Amino acid sequence: LIKLDSKKEAEIPKLDNSKPIMYSSLTSVFKELEEESGRLKNIACTCEFFHQVLEYTDADQIDLKIRDLTMVTYLMANRLGPDYVPGLELGLGETMLLKALSQSTGRELAHLRKEYHNEGDIGVVALKSRSKQRVMFKPKRLTLLEVWKELNEIAKSEGTNSQSKKISIINRLLTACEGTEAKFLMRTLEGKLRINFGEKSIIVALSKAIIEWQMKQKKKKITPEMIVQAEEQYKEAYSQVPNHEILIKIAMKKDILNLVDNTGLSPGVPLKPMLAKPTKSITEIFDTLEGKRFTCEYKYDGERAQIHISEDGQMHVYSRNSENMTEKYPDLIPVVDELKKENSSIKTLILDCECVAWDNETNKILPFQVLSTRKRKDVQEKDIKVRVCIFAFDILYYNGESLIQKPLAERRIYMYNNLKEIKGKFAFATKMDTDEVDKITKFLDQSVHDSCEGLMIKTLDGKDSYYEPSKRSRNWLKLKKDYLEGVGDSLDLVVIGGYIGKGKRTGWYGGFLLASYNQDTGDYETVCKIGTGFTEEQLQKLHEILKPTEISKAKPSYIYDSTNSAASPDVWFEPTTLFEVKVADLTTSPVYKCGITYFGEGEKGISLRFPRLIQLRNDKSPEDATSSDQIVEMYSSQANLQ
Ligand code: ATP
């Protein structure tokens, strides 16, 4: 948890109570964050703005405060609401944005497109275009509420005329923009705000602002412990109910210090899934679980699917990242209907499952690659070629009752007693409760033979086996067959720099500088250079992806050795792209900086030996990268084994 230095007061203009909250107030905060002077200062700046929003309306207008704070929170996160609510997506395409810009500024589309490809930032192109433009009369300035409503209008509009409707709204907004508003508006629409301020930091600032406001209302003194508790409560509540609107309302109307008790799972609202720690030997499992009773389950290689049945009888499927995948799996509706038919007392339910491609003829699991050929949108049941089977491994909610604070052994009984397997469509994860090494080894081989990735090992009893939303927990261990040699798991690292390619690689990047994410400081710490294992197609594609994200200098949050040419790349990138890499082992290095905050200043960092690219991780954001402390932990467990 981060202790904020109250002296690091931010300098942002005060809100003027005599007029509505203007969009420019928010963009001036974005500008501060973009210019970036460290994560703590940025959190302090955002917190100060949240305070102003909370103080802006009269003390009794709590609903307005909640509305305004929710809007600001989502706009900071470059979203219009939770990921699981459809119809709130921004991320508009380049063509539409450039067309709108062309219409509102009168500049030629071809020029704009060229400028966009040079700059790689729609915001900068908008800013330049706007500053060249002369207007006949001054349009009314944009209010925050107006921008919010128009953005929602854009996100929701679909159908034949939707493109021209969207363009005309953007056009209207752009005409009213002044200063840096156009830059941030266009970036918001593109879904690339580039203020380097992620969800975790937003939660730190937001929870601090709410507890300070709450204590001021109660005329009570605030303590540093309360700030820590408010942050913990918000984080935990958010992992169960990832919806700021709901949480801000409960925190402000009730008590942020008891937020978790006042919220709770609710079918139709996906909770953040529990994750597992990697292990690389059966001995390591015994060491980690130290005498605790555990179960081994097949680790299926498909797509995580959280299946919900809500009170109105509707079924929803959510992904690992809480996205609504119901549309992708219409073939699961009859499966859930059959489950309900078998047990008519099922009213509400949340199941944690893996959805796996299934061969109906051989009754066997198919590889993940087959599953990934399924369409994501506009899926009609009649067109589905790849069939799926659901493997349920946990039950989290049943008929109005949250089960996450019950031991796994009990949850499983709930699951077995209330649901029935349906051949080739719905099954319970294959499991074996044993602590015999030979049996585990055989079970691991059997899982691989049955087309699984390996095993998940889970504690069965007591508090240690409660379901921990969003946590990568020691009570869930994964053992993949291919981990048994090398380092326990692949790593997901952020690409922060590139090296200009030579010879055959001319015109592309020939290598990349990778970094881990330090969750305590918000910094990106360099961990290795990667240059082998790329095909020409891959390098070309990577150039297309990364070129637009080039920046002129390293961000202050990039921790690297500027005196060493191997660790100082030719070009720097915004932290947007993640590589999944496998490595031979971890070593210490005076050049790379991963983990130095844990080892202490002046010490060596950790670097990866012989990294090799497996794939791009488009489903993860930079803050979800393998964290520096995870790498330190892997390094220590490797050292212990030697
Ligand atoms: P990975 O690349 O290993 O999937 P990850 O970071 O996405 O990594 P992990 O927590 O490391 O997720 O691994 C757990 C994943 O394995 C779950 O997200 C789930 O999709 C899948 N899985 C398959 N079988 C099981 C099971 N029996 N219990 C829990 N998770 C399972």
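Mentor: A crossing of two helices is left-handed if the near helix is turned anticlockwise from the far one by less than a right angle, and right-handed if clockwise. The model before us is predicted, and the crossing of its helix 4 with helix 5 is a suitable first case.

Trainee: At what angle do helix 4 and helix 5 pack, and how far apart are their axes?

Mentor: Helix 4, residues 94–105, and helix 5, residues 109–119, pack at about 125°, and their axes are 9 Å apart. Helix 4 is therefore oblique to helix 5.

Trainee: Is the crossing of helix 4 and helix 5 right-handed or left-handed? Which residues make the contact?

Mentor: Helix 4 and helix 5 cross in the right-handed sense. From helix 4, the contact takes Glu94, Leu98, Lys99, Leu101 and Ser102; helix 5 supplies Leu109, Leu112, Arg113 and Tyr116. Sorted by class, this contact of helix 4 with helix 5 holds 5 nonpolar, 1 polar and 3 charged residues.

Trainee: How should one read helix 2 and helix 3; at what angle do their axes cross?

Mentor: The general idea is to compare the angle with a cut-off: over 145 degrees counts as roughly antiparallel. The axes of helix 2 (residues 39–56) and helix 3 (residues 62–76) cross at roughly 155° and come within 8 Å. Helix 2 is therefore roughly antiparallel to helix 3. Their crossing is right-handed. Thr46, Phe50, Val53, Leu54 and Tyr56 of helix 2 meet Lys65, Asp68, Leu69, Val72 and Met76 of helix 3. The residues of this contact comprise 7 nonpolar, 1 polar and 2 charged.

Trainee: At what angle do helix 7 and helix 8 pack?

Mentor: Helix 7 (residues 144–156) packs against helix 8 (residues 162–176) at about 160°, with the axes 9 Å apart. The pair is therefore roughly antiparallel. Here helix 7 passes helix 8 in a left-handed crossing. Val147, Glu150, Glu153 and Ile154 of helix 7 form the contact with Lys166, Ile169 and Leu173 of helix 8. By class there are 4 nonpolar and 3 charged residues in this contact, and no polar ones.

Trainee: Let us turn to the ligand. Which residues come nearest to the ligand?

Mentor: Leu275, Ala276, Glu297, Arg304 and Phe393 come nearest, out of 14 residues around the ligand. Two elements give two or more residues to this shell: strand 1 (275–278) and strand 2 (294–299). Strand 2 gives the most, with 3 residues. The shell is made up of 8 nonpolar and 6 charged residues, with no polar residue.

Trainee: How many helices and strands does the whole chain contain, and what does the C-alpha trace span along its principal axes?

Mentor: The chain contains 21 helices and 22 strands. Its radius of gyration is 26 Å, close to the 26 Å that the globule rule gives for 642 residues, so the chain is as compact as a globular protein of that length. Along the principal axes, the C-alpha trace spans about 80 × 65 × 60 Å.

Conventions
Residues are numbered from 1 along each chain as its sequence is written. This is a predicted model: local features need pLDDT of at least 70, side-chain atom pairs count only at pLDDT 80 or more; totals for chains, interfaces and linings use all residues. Axes are lines fitted to C-alpha atoms, for helices over the stretch in contact, and angles run from 0 to 180 degrees between N-to-C directions. Helices (H or I, at least four residues) and strands (E, at least two) are DSSP runs, numbered from the N terminus. Angles under 35 degrees count as roughly parallel, over 145 as roughly antiparallel, 65 to 115 as roughly perpendicular and the rest as oblique. Two residues are in contact if their C-beta atoms, placed from the backbone, lie within 7 Å. Ala, Val, Leu, Ile, Met, Phe, Trp, Tyr, Cys and Pro count as nonpolar, Asp, Glu, Lys and Arg as charged, and the others, Gly among them, as polar. A residue is near a molecule or strand if its C-beta atom, placed from the backbone, lies within 6 Å of it. The radius of gyration is taken over C-alpha atoms; the globule rule is 2.2 Å times the number of residues to the power 0.38.
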